[in-house]
Amino acid sequence: MRVMQSEEIESAIYRLAEEACLHLTPACETALRQAAEKEENISTKFALSTILENAEIAAKEKMAICQDTGMSVILAEIGQDVHIEGKLFSDAVNDGVRRAYEDFRFRKSVCDPITRVNTADNTPAVIHTEIVSGDKITLTFLPKGFGSENMSRTYMLTPAKGVDGIIDAIVDAVKLAGSKPCPPVYVGVGIGGTFDTCALLAKKALARDVGSHNSRADIAKIEKIALERINALGIGAQGFGGKTTAIGVSCEYAPTHIAGLPVAINMQCHCVRCAKTVL
């Protein structure tokens, strides 16, 4: 049994919030530079170069890469041989978020859904925990802005729709979103499970590096075909048209019921903000 103090979790969340909100991931930056190099549309090329320049300034000046620093989504894998002393795990996470959003002057965007009164500290965070083997805790921090989150869709397909139906749903979601999620987007897809689990799978898919592929060949093929069809839509960076509407499609899956085929699509804007650590 490994004993871990809650302060270690709080500090880790604080550091992850800083990293995710101030910096592009290396894989995202590479994908954006590649998109800019191959783009021929002048307006789109300018949009991509501006996005990259903005990222450089944000990192240098320690400013948020986007003003919508979103809701803090935490994916936590907790080893069953870890014992946490001190605060509750959720309290440690929320205290880390609270301090980071105050210290780095990130926009506080969380409010009551009915009264719309702001919580004033960007908490509570959205926390998904999974118990795994071992004595470590893996934390993934996804600041989720709602320009992209509002474009999420869930399709409860019939099994007869099959692979073609899955791909059609992914492309349809991006087409309907248009320029609203600040493309080029990163598309997370959940396949299978139930109504709720396929949505979580889509969120987890966004934590994968841009350009990575599912280990299952048939699902990797879905990613490839969907990305090709999305980029054939011609929406392009910031809706200016061009070759790159999405820099990646990532799919995660789970077994589902014999009578169903749930598919959830969750998008990230061009920032693809994500940071991870292992404690």
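Buried means under 20% relative accessible area, exposed means over 50%, and partly exposed is what lies in between. Keep that handy for this tour, and remember that the model on your screen is predicted.

**Stop 1: the two domains**

Start by colouring residues 2-20 and 65-144 as domain 1, then 147-272 as domain 2, following the domain assignment. Their centres, taken over C-alpha atoms, are 25 Å apart. Now show where they touch: 11 residues of domain 1 are in contact with 12 residues of domain 2. About 800 Å² is buried between the two, and carbon and sulfur atoms give 67% of that area. Select Leu75, Leu142 and Lys144 next, since these three supply 59% of the area that domain 1 buries against domain 2, more than any other three residues.

**Stop 2: across the interface**

What polar links can you look for here? Between domain 1 and domain 2 there are four residue pairs in polar contact, and the interface has two salt bridges. On the domain 1 side, pick out strands S2 (71-79), S4 (126-132) and S5 (137-144), the elements that each give two or more residues to the side touching domain 2. S5 has the largest share, with four residues. By class, that side of domain 1 has six nonpolar, two polar and three charged residues.

Also have a look at Lys204 and Glu130: they form a salt bridge, with the closest N and O atoms 3.3 Å apart.

**Stop 3: salt bridges along the chain**

The whole count comes to 18 salt bridges, so let's visit a few.

Select Asp121 and Arg98, whose closest N and O atoms are 2.7 Å apart. Asp121 sits in the loop between helix H4 (89-103) and S4, while Arg98 is in H4 itself, 23 residues away. Is each partner buried or partly exposed? Asp121, at 16% relative accessibility, counts as buried, whereas Arg98 is partly exposed because its 31% falls between the two cut-offs.

Next, go to Arg229 and Asp168, which meet in a salt bridge at 2.9 Å, N to O. Arg229 belongs to helix H8 (217-231) and Asp168 to helix H6 (162-177), 61 residues apart. Arg229 is partly exposed at 36%, and Asp168 is partly exposed at 39%.

Then select Glu252 and Arg208, another salt bridge at 2.9 Å. Glu252 lies in strand S8 (246-254) and Arg208 in the loop between helix H7 (195-205) and H8, so the pair ties together parts 44 residues apart in sequence. Glu252 counts as partly exposed at 21%, but Arg208 counts as buried at 16%.

**Last stop: a network**

Finally, select Glu10, Lys87, Asp95, Arg98, Arg99 and Asp121 together: salt bridges that share partners join them into one network.

Definitions and conventions. Residues are numbered from 1 along each chain as its sequence is written. This is a predicted model: local features need pLDDT of at least 70, side-chain atom pairs count only at pLDDT 80 or more; totals for chains, interfaces and linings use all residues. Side-chain values use heavy atoms; hydrogens and water are left out. Domain bounds come from an automatic or database domain assignment. Contact means heavy atoms within 4.5 Å. Buried area is the accessible area (1.4 Å probe) that two parts lose on being put together, summed over both. A salt bridge is a side-chain nitrogen of Lys or Arg within 4 Å of a carboxyl oxygen of Asp or Glu. A polar contact is a pair of N or O atoms within 3.5 Å; within protein, one must be able to donate a hydrogen and the other to accept it, and residues adjacent in sequence count only if both atoms are side-chain atoms. Ala, Val, Leu, Ile, Met, Phe, Trp, Tyr, Cys and Pro count as nonpolar, Asp, Glu, Lys and Arg as charged, and the others, Gly among them, as polar. Buried means under 20% relative accessible area, exposed over 50%, partly exposed in between (1.4 Å probe, protein chains only).
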